[in-house]
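Reader: Hey, got a minute to go through this one with me? I'd like to start with burial, then move on to packing and charges.

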Amino acid sequence: MSKEVNSESVSLCPLSTAATTEQEMLCIFGTGDLGRSLGQRLLQTGYKVVYGSRRPHSCGPLPPGTQAMSHVAAAQSARLVFVCIHRENYNFLETLAPQLKGKVLVDVSNNLKKNMYPEANAEYLQRLIPGAQVVKGFNTLSAWALQNGPSDANRQVYVCGNSLEAKQAVIEVATKLGFTVLDRGSLTAARELEDFPLQLFPEWRLPLQLATGLTAFFFFYLLIRDVIYSYVVNDKDISFRIMASLANKVFPIVSLIMLSLCYLPGVIAAFLQLYRGTKYKRFPDWLDRWMLCRKQLGLIALALASLHVLYTLIIPIRYYVRYRLAAHTISQIRENKTSPFDTTMAWRTDSYYVIGILGFGLYLLLGITSLPSISNVLSWREFSFIQSKLGYLTLFFCTFHTYLYGWDKFLQPSSYKWFMLPGYMLSLVVPSVVLVLKLLLLLPCVDSTLTHIRQGWERTDPEQERKKLLLT
């Protein structure tokens with residue numbers, strides 16, 4: 001009896017303990033910044049790391065706990081090899097084909113520009129060493145991201161390869177490092193993965209183009225209306241106002257329009273659902289693209305609003321303002337008179353500044369909560385409340401702030417120079433339309449119908465219903 005018990009206990013225990021205590025050996029070809037950072041992260045995760053180098057005794061400082069040896073010896077010591085070298089240096093790998101046969105090679109290389117070579121680097125590596133299993137991956141991570149661990153903005157690792165077993169091995173390593181892995185399919189997707197790091201702000205392209213276009217339009221519009229008009233009609237040179245005064249008009253105008261463009265697609269989508277009577281039909285492609293770049297639109301709008309605040313703060317220290325104030329004071333003294341206190345103007349200016357401050361404060365709240373590190377700790381209801389409910393409140397405050405700025409200027413003929421509308425009037429068109437449409441959606445009869453549609457209810461077509469009855 002005791003012998004049988006002992007034999008059973010011996011056969012059950014060592015398997016699990018060996019699996020948990022044995023550290024897997026991984027190999028890295030290349031001792032540059034990326035190779036060293038990757039080795040450091042692998043060590044911290046519990047792997048053993050060996051480097052393959054042309055000069056194993058003089059390859060520079062390596063993470064403590066690792067060792068460097070020749071490429072041949074390093075390749076033989078691990079089943080998974082990270083190839084952290086440039087494509088131009090791949091040729092020597094062909095001589096290691098016998099040692100790399102059956103190994104998993106992870107190609108992390110990138111190119112300097114798109115279509116630099118006729119085939120992807122990973123496909124070229126697979127052709128050099130046909131006996132190996134090449135997987136493209138980790139090429140979208142920087143050395144900094146590997147040193148500091150996965151951040152909220154850099155969690156994803158893309159992989160592709162022809163062998164499911166090889167991809168699974170790479171996915172296991174990436175998951176242990178704390179990354180989220182996206183499988184892009186076979187090795188033919190390697191070129192797409194290699195193009196990812198070469199893209200310059202792909203999600204920001206449309207918002208930046210829109211902001212640049214609006215800024216240029218309003219700059220030249222106000223330049224003609226204010227500066228050139230004054231020079232031609234009044235023979236007065238106020239070109240110095242381009243640097244501060246003109247810029248402080250352009251930035252808030254573009255900011256308000258960009259903010260309203262963040263919420264206009266949501267309103268359009270709601271009216272489309274009401275018109276169609278269902279939520280199961282796709283939106284037009286242009287509306288989809290517009291909705292996907294709302295975050296970027298809002299952040300650019302916040303940046304322009306911040307510039308407006310900074311420009312406003314320097315107003316009291318500008319030479320032109322100090323000169324005008326001193327000249328007005330001296331004129332009052334010479335004429336021995338005092339301007340009466342205008343209560344209405346006091347109310348207007350105080351309200352104008354307070355509403356502007358509240359609007360900018362909410363603006364900052366929207367910008368902060370859009371950061372991944374903040375939004376990830378918010379529930380969906382909290383995030384939706386801030387970005388939607390408080391977002392519309394921000395748009396209302398900023399629009400009301402602009403109306404207070406205009407006050408009764410629209411009644412003054414002098415405001416329409418060369419029959420051109422003031423810039424603030426043009427900036428009020430889009431946000432006013434958005435707020436009015438949103439108010440219509442908040443009507444109880446409209447809001448209840450829209451809520452039912454978004455919960456899955458569909459409006460039936462009477463003609464289709466009649467046909468169904470005839471068929472039955």
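Author: Sure. One cut-off before we start: a residue counts as buried when its relative accessible area is under 20%. Also keep in mind that this is a predicted model.

Reader: Fine. So how many of the eight residues of helix α5 are buried?

Author: Six of the eight residues in α5 (residues 121-128) are buried, so the helix is largely enclosed by the rest of the structure.

Reader: Which ones?

Author: The buried residues of α5 are N121, A122, Y124, L125, Q126 and L128.

Reader: And what do the buried residues of α5 pack against?

Author: Three strands and a helix: β4 (80-83), β5 (104-107), β6 (133-137) and α8 (190-195).

Reader: OK, switching to helix pairs. At what angle do α9 and α12 pack?

Author: About 40 degrees, and the axes of α9 (residues 205-233) and α12 (residues 294-313) are 8 Å apart. That angle makes α9 oblique to α12.

Reader: Left-handed or right-handed crossing?

Author: Right-handed, as α9 passes α12. On the α9 side the contact is made by P207, L208, L210 and A211, and on the α12 side by Q296, L297 and I300.

Reader: What's the mix by class in that contact of α9 with α12?

Author: Six nonpolar residues, one polar and no charged ones.

Reader: Now charges. How many salt bridges does the structure hold?

Author: It holds 13 salt bridges. One of them joins D226 to K249, with the closest N and O atoms 3.1 Å apart.

Reader: Where do D226 and K249 sit?

Author: D226 is in helix α9 and K249 is in helix α10 (residues 247-276), 23 residues apart, so the pair links distant parts of the chain.

Reader: Is D226 buried or exposed, and what about K249?

Author: D226 counts as buried, at 8% relative accessibility, while K249 counts as partly exposed at 29%. Both belong to a network of salt bridges that links R225, D226, K249 and K417.

Reader: What about K176 and E172, what meets there?

Author: Their side chains meet in a salt bridge, 3.5 Å from N to O. K176 and E172 are four residues apart in helix α7 (residues 164-176), which means about one helical turn separates them.

Reader: How accessible is each, K176 first?

Author: K176 is partly exposed at 45% relative accessible area, and E172 is partly exposed too, at 35%.

Methods: Residues numbered from 1 in each chain as written. Predicted model: local features only at pLDDT ≥ 70, side-chain atom pairs only at ≥ 80, totals over all residues. Heavy atoms only, no water. Buried < 20%, exposed > 50% of the residue type's maximum accessible area, 1.4 Å probe, protein only. Helix = DSSP H or I, 4+ residues; strand = E, 2+ residues; numbered from the N terminus. Contact = heavy atoms within 4.5 Å. Axes fitted to C-alpha atoms, helices over the stretch in contact; angles between N-to-C directions. Parallel < 35°, antiparallel > 145°, perpendicular 65-115°, else oblique. Left-handed = near helix turned anticlockwise from the far one by under 90°. Nonpolar A, V, L, I, M, F, W, Y, C, P; charged D, E, K, R; others polar. Salt bridge = Lys/Arg side-chain N within 4 Å of Asp/Glu carboxyl O.
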